[in-house]
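I am opening a notebook page for this structure. My plan is to look up side-chain contacts and then the surface.

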Amino acid sequence: MNRHIQRLINFIQFAQSYIMRNNPIKAFSDTVISQLKDFLTFKQKMKMAKYRVNYQKYKLDQMQKLIAQNNEHVFLKGRTLNETR
């Protein structure tokens, strides 16, 4: 009987130290708070993502225009078509 009580006390001490190290209530509250923050800042994040995508599209269009201006084949294509007409 004494051995069972000692095992129970050891288990309770082990469980108590585990809960103190890894507090499940604190971990749960932290995840809930972080999810709420993500949810409340969703529109702002969407706006920033759209801005980044639009900026990258703008830079890509600029690069394509520069390439088209400096590429002699693209430049001459229209002239040769107009001359053959």
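**Entry 1, salt bridges.** I searched the whole structure for salt bridges and found one. I keep in mind that this is a predicted model. The partners are D38 and K45. Their closest N and O atoms are 3.2 Å apart. I then looked up how open each partner is. D38 has a relative accessibility of 43%, so I note D38 as partly exposed. K45 is partly exposed too, with a relative accessible area of 46%.

**Entry 2, aromatic pairs.** How many aromatic pairs does a search of the whole structure find? I got one. Y51 and Y55 make up this pair, and it is stacked. I noted 6.4 Å from centre to centre and 15 degrees between the planes. Why stacked? Planes under 30 degrees apart count as stacked, so the 15 degrees between Y51 and Y55 fits.

Next I checked where these two residues sit. Both Y51 and Y55 belong to helix 3, which covers residues 42–70. They are four residues apart, about one turn of the helix. Is Y51 buried or exposed? Y51 is exposed, at 53% relative accessible area. For Y55 I read 39%, which means partly exposed.

**Entry 3, a nonpolar patch.** I turned to the surface. There I found a nonpolar patch of about 570 Å². F28, V32, L36, F39 and L40 make it. I looked up one of these residues, F28. F28 lies in helix 2, residues 24–40. Its relative accessible area is 57%, so F28 counts as exposed.

Note on methods: Residues are numbered from 1 along each chain as its sequence is written. This is a predicted model: local features need pLDDT of at least 70, side-chain atom pairs count only at pLDDT 80 or more; totals for chains, interfaces and linings use all residues. Side-chain values use heavy atoms; hydrogens and water are left out. Rings of Phe, Tyr and Trp (its six-membered ring) pair if their centres lie within 6.5 Å; planes under 30 degrees apart count as stacked, over 60 as edge-to-face and the rest as tilted. Helices (H or I, at least four residues) and strands (E, at least two) are DSSP runs, numbered from the N terminus. Buried means under 20% relative accessible area, exposed over 50%, partly exposed in between (1.4 Å probe, protein chains only). A salt bridge is a side-chain nitrogen of Lys or Arg within 4 Å of a carboxyl oxygen of Asp or Glu. Patches are made of residues with over 30% relative accessible area and no salt bridge: like charges are joined within 9 Å, nonpolar side chains (Val, Leu, Ile, Met, Phe, Trp, Tyr) within 5 Å. Accessible areas come from the Shrake-Rupley method with a 1.4 Å probe; for residues, only the protein chains shown count as cover.
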